[in-house]
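Please walk through this structure step by step. Start at the ligand, move out to the sheets, and finish with single residues.

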Amino acid sequence: MAEGFWAGTYDVIIVGGGHAGVEAALASARLGRRTLLVTLHLDFIARMFCNPSIGGPGKGHMVRELDALGGEMARAADRTALQRRMLNTSKGPAVRALRAQVDRAAYSRYMRRVLEETPNLDLRQGAVVALDVADGRVRGVRLDTGAVYETAAVVLATGTFLNGVVIVGERRTPSGPENLPAARALGEQLVRLGFRVLRLQTSTSPRLDGRTIDFSRFERQDPDPDAPYFSYTSRSEDGLASAELPTYLTYTTPPGHEIVRLNLDRAPQVSGAMDAVGPRYCPSIEEKIVRFPHRGRHPIFLEPDGADTYEVYVQGLSTSLPEDVQRELLLTIPGLEGARILRVGYTIEYDAVDPVELWPSLETKRVRGLFTAGQINGTSGYEEAAAQGILAGINAARFVLGEEPLVLGRDQAYIGVLVDDLVTRGVDEPYRMLTSRVEHRLLLRFDNADRRLVPVGYRVGLVSEDRYRSYLAKVEAIEAERRRLTTLRVGPGEEEVLRAHYLPVPREPLSAYEYLRRPDVSFADLLRVVPPPSPLPRDVAEAVEIEAKYEGYIAREAQEVARMRRLEGKRLDPDLDYDAVSGLSQEAREKLRRVRPLTVGQAARVPGVHAADVSALLVYLAHRERRKEATR
Ligand SMILES: Cc1cc2nc3c(=O)[nH]c(=O)nc-3n(C[C@H](O)[C@H](O)[C@H](O)COP(=O)(O)OP(=O)(O)OC[C@H]3O[C@@H](n4cnc5c(N)ncnc54)[C@H](O)[C@@H]3O)c2cc1C
């Protein structure tokens, strides 16, 4: 590498201390690899550049999965929550998930402290301006000071900083979020290395001084006192955040919509002045007004930014509009007429790497030992970033040891769906996790992430012996309660006690487990009739009830998974010559050559590959197998 001085050697180097970089650094260091985390500003570790909240359907599932694997976000959210609410509680268990408002500054302080206290991990403030790549492998990084760090694996987690441009109305400023510098040199080098780069954008809302808001005009939303924690390891006695702050709901008004309509030519997101693509599922206020012209109002949530600040985040008002229009718009929202803006809403345009450039391990196909994670891969969201971060950190550490990478299946985790969608389908806008993206939702629930992934976290080395033992005890408790219920009988003979607990009387005797499956039987009521030898922990009772009531559906999804796994089990050579596969359509051939799927199952999910193409692949593999047999 040209100019610079040797500053140190590490097993793994993480570039970027955001949500992806933090999880990657912790995973790599906790796996015993000497790890360096370089980031532009140590006061912005795990900064929430947008709304100060974690979780919700889909996103919350991944936070739980991260926790089960041994990641940190769930614990951080439990210790800095200002409010916790369990969402979709009236719907089926597949879409229920926790959402927490979080203290932005406390979250960042907590994560920095965890990083500083993690053995094998060094922190460094600085701007990485170049990767040292030789013979198709990454060898190190160089900082703007000339410091050169050598390594065998790098995780690039630079978020929205690559060639970042901040936009407020007509004003465009090369910058990362919150006036941090954009990463120009690094972005240009990735293009020189041949990476296909996408131009994306995302926007955020203005922040207001809470002392200038008339909260009496809004609908108050209080925390959910019964909400669980994100982390399976959090206990109320751990001194967790009390999470008792309210949020507030109000709405935009038609006069405000008219102001936006009159200024659409000054909103780059809708005026055509931007060629970057924004997130469909996080539209700005101007996009909402253009897309839904007949809607008379749009919800606005006022969210506290922290326990020790008056700052309020205005969820639902993200925008590319100029400041003067943002001010006029606020005047039309009852309760915000006198609100003072602390930070103007803005949009950021940035470069992302086309995630089809990645293997399912998040290692890049072009440069050995170079991994990318987070918004750089075309996603949007702290949780999506952190989920990629832990995987990239685990796999960078395993790469250094010459071990096989960890890849999670679509039937195993939302994180598996996220990564498979990215590397198989690519993105044409910032990708945000939704429960509708997951085909096995009933198997991948918020409540059972531990039973899906703690064994994986333990196997890779991120989950401790102690934690694994307490996990096994929980699994045994669930099994024991299921067994107990199957041995107990409930029937017409118990009519009196059932009626006393407002429980239906079955016509025929049946096991308590069968009885629990009835939709009109609640487990809490049943336990009063057939109490367990000792009170059941809440999460054990929840697991028993869900799996009893949804047993049939879960069994059907499990059959579907077994069918899917057959194709997943058929491996494809990453360098397979698709011209040699007869019967493929031209489109399939091109797409397969670009994606280079590792299994027939993944090939079947590549857009443009159809059933006939999958059959052609299976025939090709069978022929090749027969030819191998013949030559043995
Ligand atoms: C304006 C805006 C609006 C957003 N809106 C939403 C939204 O509506 N919904 C949503 O879910 N998410 C939103 N987000 C996205 C959310 O903030 C990101 O998804 C999340 O922060 C991504 O995490 P990350 O770790 O990938 O990157 P980031 O959190 O951006 O962290 C990147 C890190 O890399 C460091 N870095 C960058 N370049 C270098 C370099 N050359 N050398 C050293 N360090 C470097 C930076 O200092 C930073 O610490 C928004 C973000 C912004 C900026």
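Sorting residues by character needs a convention. Here Ala, Val, Leu, Ile, Met, Phe, Trp, Tyr, Cys and Pro count as nonpolar; Asp, Glu, Lys and Arg count as charged; the others, Gly among them, count as polar. On that basis the shell around the ligand divides into 18 nonpolar, 16 polar and 2 charged residues. Keep in mind that this is a predicted model.

Now look at the ligand itself. There are 36 residues around the ligand. The ones that come nearest are His19, Ala20, Val128, Gln375 and Gly381. Two of these residues also approach the ligand through the backbone. A backbone N or O atom of His19 sits 2.9 Å from an oxygen atom of the ligand. For Gly381, a backbone N or O atom lies 2.7 Å from an oxygen atom of the ligand. Ser203 offers a further backbone approach: one of its backbone N or O atoms is 3.4 Å from a nitrogen atom of the ligand. How much of the ligand does the protein bury? On its own the ligand exposes 980 Å², and the protein buries 97% of that.

Which elements give two or more residues to this shell? They are the helices α1 (19-30) and α10 (382-400), together with the strands β3 (35-39), β14 (197-204) and β21 (346-353). Of the elements, β14 gives the most, with 3 residues.

Next, the sheets. One open sheet has 4 strands in the order β1-β10-β9-β8, with mixed pairing. Its edge strands are β1 (5-9) and β8 (128-134), and each of them pairs on one side only. On average, neighbouring strands of this sheet are turned by 30° against each other, direction ignored. Inside the sheet, follow β9 and β10. Strand β9 covers residues 137-143 and strand β10 covers residues 147-150. The two pair in the antiparallel sense over 3 bridges. To find the register, locate Gly140, which stands opposite Glu150 in β10.

The loop between β8 and β9 holds Asp135. Its backbone deserves a look. Most residues other than glycine have a negative phi. Asp135 is not a glycine, yet its phi is positive, at about 55°. Is Asp135 buried or exposed? Exposed means over 50% relative accessible area. Asp135 has a relative accessible area of 73%, so it counts as exposed.

A second open sheet has 6 strands, in the order β16-β17-β18-β19-β15-β20, and the pairing is antiparallel. Here the edge strands are β16 (219-221) and β20 (341-343), each pairing on one side only. Neighbouring strands of this sheet are turned by 35° against each other on average, direction ignored. At one end of the order, β16 runs antiparallel to strand β17 (residues 247-251), and 3 bridges join them. Glu219 stands opposite Leu249 in β17.

Now turn to strand β6 (residues 97-102). How many of its 6 residues are buried? The count is 6 of 6, so by the under 20% cut-off the strand is mostly covered. Both faces of β6 are covered. Ala97, Arg99 and Gln101 are buried on one side, and Leu98, Ala100 and Val102 are buried on the other. β6 also has pairing partners. Strand β4 (residues 53-55) runs antiparallel to β6 and is joined to it by 3 bridges. In this pair, Gly55 stands opposite Arg99. Strand β5 (residues 81-87) pairs with β6 in the antiparallel sense over 6 bridges. There, Ala81 stands opposite Val102.

Finish with two more residues. Tyr502 lies in the loop between α14 (495-500) and β24 (510-511). Its phi is near 55°, a positive value in a residue other than glycine. With a relative accessibility of 76%, Tyr502 counts as exposed. Thr487 belongs to helix α13 (residues 465-487). Thr487 counts as exposed because its relative accessibility is 59%. Where does the chain bring Thr487 relative to Tyr513? The two residues are 26 apart along the chain, and their C-alpha atoms are separated by 8.4 Å.

Notes. Residues numbered from 1 in each chain as written. Predicted model: local features only at pLDDT ≥ 70, side-chain atom pairs only at ≥ 80, totals over all residues. Heavy atoms only, no water. Near = heavy atom within 4 Å. Polar contact = N/O pair within 3.5 Å; in protein donor to acceptor, adjacent residues only side chain to side chain. Areas by Shrake-Rupley, 256 points an atom, 1.4 Å probe, with all protein chains shown as cover. Pairing = 2+ DSSP bridges. Axes fitted to C-alpha atoms, helices over the stretch in contact; angles between N-to-C directions. Buried < 20%, exposed > 50% of the residue type's maximum accessible area, 1.4 Å probe, protein only.
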